[in-house]
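Trainee: Could you take me through one part of this structure at close range? I would like to follow the chain B sheet and what surrounds it.

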Amino acid sequence: MAEAQNLPAGSTTAGSIAVAAESTVATRMSAPPSFDVADFPVPHGREEEWRFTPLERLRGLHDGTAVATGDGVRVEVEAPEGVTVETVGRDDERLGKAGTPVDRIAAQAYSAFEKASVVTVPKETVLTEPVRISVHGQGGTAFGHQVIELGAFAEAVVVIDHTGDAVLAANVDYLLGDGAKLTVVSIQDWDDSAVHVGQHNALIGRDAHFKSVVVTFGGDLVRLHPRVTYAATGGEAELFGLYFTEQGQHQEHRLFVDHNAPHCKSNVAYKGALQGDGAHAVWIGDVLIRAAAEGTDTYEMNRNLVLTDGARVDSVPNLEIETGEIAGAGHASATGRFDDEQLFYLMARGIPEIEARRLVVRGFFAELVQQIGLPDVEERLITKIEAELEASL
Amino acid sequence: MATLEIRDLHVSVEADNATKEILKGVDLTVKQGETHAIMGPNGSGKSTLAYSLAGHPKYTITSGTVTLDGEDVLAMSVDERARAGLFLAMQYPVEVPGVSVSNFLRTSATAIRGEAPKLRTWVKEVKEAMERLNMDPSFAERNVNEGFSGGEKKRHEILQLELLKPKIAILDETDSGLDVDALRIVSEGVNRVRESGEVGTMLITHYTRILRYIKPDHVHVFSAGRIVESGGPELADKLENEGYESYTKGGPVSGANSEEDVA
């Protein structure tokens with residue numbers, strides 16, 4: 001079920017749908033989830049969860065040699081009235097409630113942070129302005145933990161913006177009370193030398209709605225692990241992602257939706273464009289529909305657009321179904337090339353090469369960008385995509 | 001008056017690690033307002049001529065010249081050729097996922113005209129052009145050539161021809177794969193553009209059928225990489241009755257099937 005799908009750029013992945021009595025999503029990990037880094041062996045690179053990641057570029061986050069420095073990252077939270085922002089110690093009971101680390105670096109982050117940040121939107125509070133969290137790398141190494149908690153029927157938009165240069169291992173917990181609505185946008189707009197690894201856990205309350213938008217542009221290596229679990233029935237998760245992987249960059253998004261409760265929905269849509277030698281994008285989409293999760297409706301999709309030779313995509317959707325009593329389940333993965341014939345066709349209509357590439361890339365992302373529903377974020381994404389294209393031609 | 005002059009054009013392609021010459025000295029002059037039918041058997045190099053003029057990177061010009069009003073076409077990039085006034089209606093138009101027809105047309109018209117067409121008049125212009133080609137308005141929201149039927153692709157090519165108003169239009173087997181109704185609609189589109197008197201047309205075809213709808217001024221028989229006979233419309237009648245046999249006798253055609261390699 002977790003068979004290798006190493007495909008060259010330009011190929012299409014079929015993925016797998018498994019009907020299993022027992023989940024392999026969990027058992028194929030090298031160790032059970034734990035908050036303690038000592039419970040995980042140091043990865044050697046052939047493990048299922050590490051086989052796509054260049055360990056030598058993790059700057060020691062995976063083997064215990066990375067040590068926090070004082071000048072790691074500067075975190076600033078800008079929150080509208082009614083929101084509580086706290087810095088808390090390791091013993092705060094709200095930490096770690098949304099999920100347990102599933103790999104060594106997530107556990108390392110959890111074991112190593114000194115203070116955590118907790119942002120709370122009280123019940124029935126509906127924010128009209130976003131909460132903005134700026135994580136600015138200052139060249140050092142850091143471990144962090146962020147909690148965002150929404151009380152029942154609260155509604156909020158949170159934008160987490162990563163910029164600068166850092167080696168960062170940090171987890172984020174999203175706790176959604178019953179009927180709460182949270183949209184979170186995590187932007188990885190790092191400098192080219194940054195390394196960022198993290199696990200994002202969402203625990204979705206009864207009838208709550210979680211929308212996650214993960215946007216990755218920069219960094220030498222970015223490896224994020226967004227995970228969703230349902231606390232009760234009726235929850236809905238939309239996980240959108242967009243990445244632009246440039247020469248030499250490794251950008252890895254590993255998603256897991258655990259349909260552990262009945263009548264919940266999930267919709268995963270990630271799109272990426274790649275260009276340049278050694279650009280490597282990895283997308284893992286795991287969805288598990290447990291026996292109890294009757295009435296589940298889930299779909300996951302990954303599309304990649306390879307703009308130049310020398311880029312590589314690994315896209316592995318994996319759907320496991322333990323009950324037949326579901327509303328719907330499906331997945332799709334495709335990797336296409338912007339090929340010379342497309343370029344010729346557009347140029348033969350008078351369109352200059354750079355304009356032709358821009359047209360195709362913008363078109364590729366447009367539908368997804370529109371789904372984000374935050375005009376200033378959309379504007380910034382379009383500008384960023386344009387700039388990336390501009391710089392490469 | 002715009003004039004396209006092709007002189008002693010030789011073109012090769014790389015195939016199986018060998019260089020193969022496909023065009024072996026083509027001479028042709030096409031003036032604005034004229035319609036030239038280029039007819040020939042499969043593999044004679046007709047499509048190679050079309051794609052070479054448009055600047056497809058697969059083809060290497062080994063000798064000869066192509067000028068448009070004295071300007072060296074061969075020195076221009078693909079998009080420069082289009083902006084200079086060359087238009088190639090392709091036999092196999094390419095799918096461009098994620099790019100809508102309306103966005104594509106507007107970007108193209110902006111590039112060709114040198115400025116963005118005014119939105120209000122542009123919308124009207126496109127709508128009317130689509131109506132004339134019996135194209136549903138929803139067509140504009142579809143992605144370029146994605147999932148188009150053969151007939152829809154050809155109509156889309158002619159729609160571009162009408163909107164971009166080139167000086168020289170090269171229609172590469174625009175008739176192939178069309179049923180009679182579609183052929184008539186597409187031909188009417190070509191004729192509307194021709195009636196302006198401002199376009200020189202190179203109509204590349206295997207069959208004489210399209211010539212019942214689009215009347216050429218000149219007919220050229222293409223065989224083994226060059227024009228072997230030129231005449232008036234009566235030459236098409238001769239081909240209709242006798243086929244290409246008299247031009248291809250004497251062994252296999254050099255450069256056979258080269259056209260099929262494109263697309």
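Mentor: Happy to; we will start with the sheet in chain B, move outward from there, and finish with the contact to chain A and chain A itself.

Please keep in mind that this is a predicted model. The sheet is an open one of six strands in chain B, in the order β6-β9-β10-β3-β11-β12, and its pairing is mixed. At its edges stand β6 (86-89) and β12 (226-231) of chain B; each has a single partner strand, so one side of each is left without a neighbour in the sheet. On average, neighbouring strands here are turned by 20° against each other, direction ignored.

Let us look inside the sheet at one pair. Strand β9 (residues 168-172) of chain B runs parallel to strand β10 (residues 200-205) of chain B, and five bridges join them. Within this pair, B:I170 has B:M202 in β10(B) as its bridge partner. Helix α5 (residues 150-164) of chain B packs on the sheet, where it touches β6 and β9 of chain B, and its direction makes about 165° with that of β6(B).

Now the loops. In the loop between α5 and β9 of chain B you will find B:K165. This lysine is not a glycine, yet its phi is positive, at about 45°. B:K165 counts as partly exposed, because it has 16 C-beta neighbours inside 10 Å. A second residue with a positive phi is B:N134, where the value is near 55°, again in a residue other than glycine. B:N134 sits in the loop between α4 (119-132) and β8 (143-144) of chain B, and with 15 other C-beta atoms within 10 Å it is partly exposed.

On the other side of β10, the loop between β10 and β11 (218-223) of chain B holds B:K215. What makes B:K215 exposed? The reason is its count of 12 other C-beta atoms within 10 Å, since a residue with 12 or fewer is taken as exposed. The C-alpha atom of B:K215 is 7.5 Å from that of B:P233, which lies 18 residues away along the chain.

For a contrast, turn to B:G189 in helix α6 (residues 180-195) of chain B. B:G189 counts as buried because 23 C-beta neighbours lie inside 10 Å, and the threshold for that is 20 or more. Leaving out residues up to four places away in sequence, B:G189 touches B:R132, B:L133, B:I158, B:L161 and B:E162. The C-alpha atoms of B:G189 and B:G40 are separated by 24 Å, with their positions 149 residues apart along the chain.

Chain B also has antiparallel strand pairs that deserve a look. Strand β1 (residues 3-15) of chain B pairs with strand β2 (residues 18-31) of chain B in the antiparallel sense, over 11 bridges. In this pair B:L4 stands opposite B:V30 in β2(B). The two strands form a hairpin with two residues between them, and B:D16 in the turn has a positive phi of about 50°. β1(B) is also joined by eight bridges to strand β4 (residues 59-68) of chain B, and these two run antiparallel; there B:V11 stands opposite B:I61 in β4(B).

From here we can step to the partner chain. In the contact between the chains, 19 residues of chain B meet 19 residues of chain A. On the side of chain B that touches chain A, α2 (78-84), β7 (96-100) and α3 (101-113) of chain B each supply at least two residues. The residues of that side divide into 12 nonpolar, five polar and two charged.

The largest nonpolar core has 185 residues, and those touching the most other members are A:V158, A:Y174, A:L176, B:F87 and B:I170. Strand β6 (residues 155-176) of chain A gives the most to this core, with 14 residues. Apart from neighbours within four places in sequence, A:Y174 is in contact with A:A98, A:I148, A:L182, A:V184, A:N201, A:A202 and A:F210.

Last, chain A as a whole. Chain A has five helices and 17 strands, and buried residues make up 51% of its 393 residues. Its radius of gyration is 20 Å, which agrees with the value near 21 Å for a compact globule of 393 residues. Among its contacts between residues at least 6 apart in sequence, 85% join residues at least 24 apart.

Methods
Residues are numbered from 1 along each chain as its sequence is written. Chains are lettered from A and ligands numbered from 1 in the order in which they are written. This is a predicted model: local features need pLDDT of at least 70, side-chain atom pairs count only at pLDDT 80 or more; totals for chains, interfaces and linings use all residues. Two residues are in contact if their C-beta atoms, placed from the backbone, lie within 7 Å. Helices (H or I, at least four residues) and strands (E, at least two) are DSSP runs, numbered from the N terminus. Ala, Val, Leu, Ile, Met, Phe, Trp, Tyr, Cys and Pro count as nonpolar, Asp, Glu, Lys and Arg as charged, and the others, Gly among them, as polar. A nonpolar core is a set of buried Ala, Val, Leu, Ile, Met, Phe, Trp, Tyr and Cys residues joined through C-beta atoms within 7 Å. Two strands pair if DSSP finds at least two bridges between them. Axes are lines fitted to C-alpha atoms, for helices over the stretch in contact, and angles run from 0 to 180 degrees between N-to-C directions. The radius of gyration is taken over C-alpha atoms; the globule rule is 2.2 Å times the number of residues to the power 0.38.
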